[in-house]
Amino acid sequence: MSMNLELQARTLIRDNNFINGQWVAAAGGRRFAVTDPATGKLVADVADSCPADARAAVDAAAAALPGWRATLPKDRAAVLRRWHALILEQQDALAALISLEQGKPLAEGRGEIVYGASYVAWFADEATRIYGDLIPQQQRGKRMSAIKEPIGVVAAITPWNFPLAMIARKIAPALAAGCTVVAKPAEDTPLTAIALVMLAHRAGVPDGVLNLISASRESAVEAVGEWLADSRVRKITFTGSTPVGKYLARESANSLKKASLELGGNAPFIVFEDADLDAAVTGLLAAKFRNGGQTCVSPNRVYVQRSVYARFSTLLSAKVAELRVGPASDPASQIGPMINVRAVEKIARHVEDALVNGALVLTGGRRLAELGPHYYAPTVLANATSRMLLCNEETFGPVVPLFAFDTEQEAVQAANDTPFGLASYFYSQDVRRIDRVSRALEAGIVGINEGALASEAAPFGGVKESGYGREGSKYGLDDYLSIKYLCQGGLE
Ligand code: ADP
C-alpha cells in the first residue's frame with residue numbers, strides 16, 4: 001500500500017463511540033488496541049465500552065425512533081443514496097482501512113466496498129416498496145388490511161471478516177424500514193465500521209438514528225448483555241459463530257426479541273464426473289480463497305468423484321501452488337495474513353489432525369513464519385475422511401481437503417451430514433442431476449457451476465444451525481418489519 005493511500009485511510013479513522021450524533025469516549029475511560037494483522041503494529045486505540053455506553057446508545061436510538069419511523073420512505077431512500085455515494089467516493093481509502101485492520105489484499109478490499117455499498121443502494125430502493133395488503137372482504141361493513149411497520153430499535157453485532165459489508169447489510173435495511181440502530185462491530189476490525197457510520201452521518205442520517213459502540217472481546221459480553229436485557233431493543237441481527245449466535249438467541253428470548261442469525265457454515269463443494277473440470281477448479285479457487293478462506297460461504301469440504309479425482313487434484317494443486325501470499329501492502333498479494341494467532345493455530349491444528357489421520361499434502365501444509373506469525377500457505381490435502389476435524393468444523397483458512405466419492409447419493413449424504421447449512425456448491429453438466437442435487441442439498445444457498453454467489457439482489461442466509469433470517473433481496477426487509485392487521489368495522 002502506498003504511503004499516500006495509508007494517509008487517506010487514516011483520515012477516516014475515528015476512535016470513539018458515536019452516540020446521538022456525538023463522538024464520545026467510553027464511560028469508564030478505557031480503550032483497546034486495533035492492530036494490523038500483517039505486522040502486529042498498532043493502528044489505533046478505540047473506546048472499550050461498558051454497559052453504561054450500551055445503555056446510552058439505546059437511549060439515543062429509542063428517542064430517535066418516533067421521528068425516523070415517521071419520515072417518508074422516499075426521504076429515507078434519499079439519505080441512503082447519499083450514503084451510498086459517499087462510500088463509493090471513499091472506496092480507495094476505505095479499502096486501505098480494511099487492509100490495515102483486517103489484512104485482506106487491496107483489490108479484495110475495493111471489491112468489498114462496492115459489494116457492501118450495493119446493499120445500501122438496494123435498500124434505498126426497497127424503502128419505497130414496503131407494501132401492505134388490502135384483504136378481500138370477508139364480511140359486509142368490515143375492511144381488513146395488513147400494514148408493515150418498523151420493528152423498533154435494532155441491535156447489530158458483526159464479525160471481522162468483512163468489516164464493511166457485514167455491517168452495511170444490516171444497517172441499510174434497518175434504516176430503510178424506519179428502524180433505529182445500535183451497532184457493535186468486531187473487536188479486531190472496528191475502524192471500518194466507525195468510518196462507515198461517520199459517512200452515514202455526513203449523508204444526513206439524523207442524530208440518534210444510528211449509534212455505534214466499540215468494545216474489546218472481554219467488555220463485549222457485558223455491553224451487549226445490556227442490549228439483550230433491554231426490552232426497548234426489539235431485534236438482534238448477528239453475523240458470527242454458531243455458539244455466540246445460540247447464546248444471543250437464548251438471551252434475547254427473555255424479552256422475545258426477533259433475531260436474525262447468520263452463523264457458521266461447513267460448505268460442501270461437489271465435483272461430479274460429468275463436470276467441466278477447468279470450470280470447477282476456477283469456481284473453487286474463487287469461492288475458497290477469497291479473504292484467505294475466511295468467509296462463512298467458503299467451501300470447507302471438497303467431494304470429488306473417484307473417476308476424475310486424480311485429474312482434478314492435479315489441476316487444482318497446480319493453481320493453488322501459484323497463489324501469492326503476502327501483506328496487503330504488496331499489490332501482488334492474493335492471500336493476506338489470517339486475522340489473528342487464534343485463527344492460524346486453528347488451521348494448523350486441523351491440518352495436523354488430518355495428516356495424523358492419513359491425509360496427504362499436495363501443496364502447502366505449513367505456516368509461513370518467514371512472512372509473519374499470521375500467515376498460512378494455501379494448501380490442498382488428498383485422502384480426507386469424515387473422521388478428520390476439518391470435515392466437522394469450519395477451518396476458516398486457505399485449506400482444501402479433497403474427499404473421494406463413488407455415487408451421487410453418497411456425495412449428497414456426506415454433504416448433508418453436518419449440523420450446518422449455509423452455502424453449498426456443485427459442478428455437473430447433467431440437467432437431471434442438477435435438478436436432483438439442488439433440491440437434495442440442505443443449505444440456504446446453492447452454487448451450481450458457480451463459485452461467486454453473493455449479490456444484494458439475492459436472499460443470503462442459512463438453514464439448520466447456520467441460522468435464520470435472510471439478508472439482501474426483496475425478502476431482506478422482512479426481518480426489520482412487523483405486520484399490523486387493521487380491522488375497521490361499521491362501514492355500512
Ligand atoms: P469469530 O469467532 O469470528 O470472532 P464470534 O461469533 O466470536 O466470531 O464474534 C462475532 C461478533 O460477536 C463479534 O462482534 C464479537 O465481539 C461478538 N461476540 C462474541 N462473543 C460475544 C458475547 N458473548 N456476547 C456478545 N457479543 C459477542
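**Notebook: exposure, backbone angles and the ligand site**

I looked up Leu 256 first and found it exposed, with a relative accessible area of 68%. The model I am reading is a predicted one. Leu 256 belongs to the loop between α9 and β11, the latter spanning 258–262. I then checked its backbone: phi of Leu 256 is near 45°, a positive value in a residue other than glycine. The label "exposed" applies to Leu 256 because its 68% is over the 50% cut-off.

**Entry: a second positive phi**

I turned to Asn 449, where phi is also positive, at about 55°, although the residue is not a glycine. I located Asn 449 in the loop between β18 (445–448) and β19 (467–468). Is Asn 449 buried, partly exposed or exposed? I recorded a relative accessibility of 33% for Asn 449, so the residue counts as partly exposed.

**Entry: which residues surround the ligand**

I next listed the surroundings of the ligand. There are 15 residues around it, and Thr 158, Lys 184, Glu 187, Arg 217 and Ser 241 come nearest. I sorted the shell by class and obtained 9 nonpolar, 3 polar and 3 charged residues.

Which helices each supply at least two residues of this shell? I noted α8 (217–229) and α9 (242–252). Of the elements, α8 gives the most to the shell, with 3 residues.

**Entry: polar contacts and burial of the ligand**

I went through the contacts made by oxygen atoms of the ligand. For Arg 217, a polar side-chain atom lies 2.5 Å from a ligand oxygen. For Thr 158, the partner is a backbone N or O atom, 2.8 Å from an oxygen atom of the ligand. For Trp 160, I found a polar side-chain atom at 3.2 Å from an oxygen atom of the ligand. I then looked up the area: the ligand taken alone exposes 550 Å², of which the protein buries 87%. As to location, I recorded that the ligand sits in the largest pocket.

**Entry: Ile 13 and Thr 192**

I moved to the loop between α1 (3–11) and β1 (17–19), where Ile 13 lies. Ile 13 has 17% relative accessibility and therefore counts as buried. How far apart are Ile 13 and Thr 192 in sequence and in space? I read a separation of 179 residues in sequence and 7.9 Å in space, C-alpha to C-alpha.

**Entry: Pro 419 and Ala 457**

I placed Pro 419 in the loop between α14 (408–416) and β17 (423–427). Its relative accessible area is 41%, so I entered Pro 419 as partly exposed. I took the distance from Pro 419 to Ala 457 as well: the two are 38 residues apart in sequence and 27 Å apart in space, C-alpha to C-alpha.

**Entry: Arg 436 and Val 412**

I finished with Arg 436, which I found in helix α15, residues 431–440. Arg 436 is partly exposed, its relative accessible area being 38%. From Arg 436 to Val 412 I noted 24 residues in sequence and 10.0 Å in space, C-alpha to C-alpha.

Technical notes. Residues numbered from 1 in each chain as written. Predicted model: local features only at pLDDT ≥ 70, side-chain atom pairs only at ≥ 80, totals over all residues. Heavy atoms only, no water. Near = heavy atom within 4 Å. Polar contact = N/O pair within 3.5 Å; in protein donor to acceptor, adjacent residues only side chain to side chain. Areas by Shrake-Rupley, 256 points an atom, 1.4 Å probe, with all protein chains shown as cover. 1 Å grid on protein atoms, 1.4 Å probe; cavity = no way out; pocket = protein on both sides within 12 Å on 5 of 7 lines; lining within 4 Å. Sits in = over half its atoms within 2 Å of the grid points. Helix = DSSP H or I, 4+ residues; strand = E, 2+ residues; numbered from the N terminus. Nonpolar A, V, L, I, M, F, W, Y, C, P; charged D, E, K, R; others polar. Buried < 20%, exposed > 50% of the residue type's maximum accessible area, 1.4 Å probe, protein only.
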